[in-house]
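Visitor: I am new to reading protein models, and I would like to understand where the descriptive words come from. Could you show me the structure and then take my questions in turn?

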Amino acid sequence: MWTEDDVRFMREALSLAKSAEGRTTPDPMVGAVLVKGGRIISMGYHGEVATPHAEAWAIQKAGEETRGSTLYLNLEPCAHYGNNPPCAYLIAKAGVKEVVAAMKDPNPLVNGKGFNILRRHGVKVRVGLLEEEARQLNEVFTKYITTKLPFIVMKTAITLDGKIATRTGASRWVASIASRRYAHHLRNIYDAILVGEKTVLIDNPKLNVRLVKKIKDPIRIVLDAFARTPLYADILAAAGAKTIIAVGPKAPKKRVEALRRKGAEVIRVAAQKGLLDLKVLMKKLGEMKITSVLVEGGGEVNASFLEAGLVDKAVFTISPKIFGGREAKTCVEGQGVAKPSQAIPLKKVHLERLEEDILLNGYF
């Protein structure tokens, strides 16, 4: 069904789409490749939210040469008015003869309507080329647009024996500089970064992007049931993205007001036994159009997210060293399972090297 040229042109579309990673939220990443006579005549990609879509850029650059061409897209063209007019009508009007798309747009406002418009206007449509790669590329968009909940990534750096710190609590540095750069890359592409209050109290982190070329700083989120975040904390002084402090019903009003005066956005969330209701918090974050959250918490925070069934993806960097110590913290604390058969499985596992470290990621 698919030729080598089809695959080559779609890979180009996927590459174009990915070049805007971290810039398009809450929109998807989309690349467009116009082909005529077996050669690429124009390309485009969606650069950031509220800018023209990939298809519009490619068609505008090709002009009249668009007529009779084939358009390769990693995502179905839109069929509704948003920041831009519907691309499906634009494509048909421009004289494109065929559209090859990797996947249907999961947005309920589209979801096949774009393809239907094209077919009604005589444009041939083929769907499914490199679909798995396309779905993975826009996994954040797919989760958010269909559930209104953020895509959750649990990221942690561990030793071979699963430790995130020594028995004294020292944690700098578990991983190599290459792994730390990768962690900052993740901060670059996800909307928000989340930690627990203990991380703030012990490490006083900035939670910004420093080790790679900055696209943006992520929104900073702290789980702090009793509003204990120090007013001198770096996350309150740092410029760039805002800081959200999630507190429980029993957080003292004076502390809450003091945090607000320091510039933090404080939101109250239901809590039980001093633990915030993470499902309620994720719903609130979704309502704030936060489409993805990178969890860089300690063992208890990680355990809470896993126990609540909220984690979509895990990213582990494993350093070839051993800390030892029964008091040294591990990456997942909590109560844990009683039997090996109750273990939480990781699927679609991928491994690669980061200098001397191992990068492991997978899905739940």
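Guide: Let us begin with how the elements get their names: helices and strands are DSSP runs, at least four residues long for a helix and at least two for a strand, and they are numbered from the N terminus. With those names in hand we can place a residue such as Glu-296, which is found in the loop between β13 and α12. Please keep in mind throughout that this is a predicted model.

Visitor: Why is Glu-296 counted as buried?

Guide: A residue is called buried when its relative accessible area is under 20%. Glu-296 has 16% relative accessibility, and therefore it counts as buried. Leaving aside residues up to four places away in sequence, Glu-296 touches Lys-155, Ala-183, Arg-187, Ile-193, Leu-194 and Val-195.

Visitor: And what makes Leu-346 partly exposed?

Guide: The cut-offs are under 20% for buried and over 50% for exposed, with partly exposed in between. Leu-346 has 27% relative accessibility, so it counts as partly exposed. This residue is found in the loop between β14 (313-319) and β15, and, not counting residues up to four places away in sequence, it touches Ala-314, Leu-360, Gly-362, Tyr-363 and Phe-364. Leu-346 and Phe-364 are 18 residues apart in sequence, while from C-alpha to C-alpha they are 5.3 Å apart in space.

Visitor: How do you know that the buried residues of α2 line one face of the helix?

Guide: The buried residues of helix α2 (residues 54-62) are Ala-54, Glu-55, Ala-58, Ile-59 and Ala-62. Seen down the axis of α2, these buried residues fall within an arc of 120 degrees, and therefore they line one face of the helix. As a general background, an α-helix has 3.6 residues a turn, so residues three or four places apart point the same way. On the face of α2 turned away from the buried side are the exposed residues Gln-60 and Lys-61.

Visitor: What covers the buried residues of α2?

Guide: The cover includes the strands β1 (31-36), β2 (39-45) and β3 (70-73), together with the helix α3 (87-94). Just after α2 comes Gly-63, which takes a positive phi of about 60 degrees.

Visitor: Why are α2 and α3 called roughly parallel?

Guide: Angles under 35 degrees count as roughly parallel. The two helices α2 and α3 pack at an angle of about 20 degrees, with their axes 9 Å apart, and they are therefore roughly parallel to each other. The contact is made by Glu-55, Ala-56 and Ile-59 of α2 and by Cys-87, Leu-90, Ile-91 and Ala-94 of α3. The crossing of α2 and α3 is left-handed.

Visitor: What makes β10 and β15 the edges of their sheet?

Guide: The open sheet has nine strands in the order β10-β9-β8-β7-β13-β6-β14-β16-β15, and its pairing is mixed. β10 (265-268) and β15 (347-354) each have a single partner strand, so one side of each is left without a neighbour in the sheet. Neighbouring strands of this sheet are turned by 20 degrees against each other on average, with direction ignored.

Visitor: How do you know that β7 and β13 pair?

Guide: Two strands count as paired if DSSP finds at least two bridges between them. Strand β7 (residues 192-196) and strand β13 (residues 292-295) have three bridges, in the parallel sense, and therefore they satisfy the cut-off of at least two. One of the bridge partners is Val-293 in β13, which is matched with Ala-192. Helix α10 (residues 253-261) packs on the sheet, where it touches β9 (243-247) and β10, and its direction makes about 145 degrees with that of β10.

Visitor: Why is β9 described as mostly covered?

Guide: Five of the five residues of β9 are buried. Thr-243, Ile-245 and Val-247 lie on one side and Ile-244 and Ala-246 on the other, so that both faces of β9 are covered. Strands β8 and β9 run parallel and are joined by four bridges, with Ala-246 in β9 as the bridge partner of Leu-223. β9 and β10 also pair in the parallel sense over four bridges, and Val-247 stands opposite Arg-268 in β10.

Notes: Residues numbered from 1 in each chain as written. Predicted model: local features only at pLDDT ≥ 70, side-chain atom pairs only at ≥ 80, totals over all residues. Heavy atoms only, no water. Buried < 20%, exposed > 50% of the residue type's maximum accessible area, 1.4 Å probe, protein only. Arc of directions from axis to C-beta. Contact = heavy atoms within 4.5 Å. Axes fitted to C-alpha atoms, helices over the stretch in contact; angles between N-to-C directions. Parallel < 35°, antiparallel > 145°, perpendicular 65-115°, else oblique. Left-handed = near helix turned anticlockwise from the far one by under 90°.
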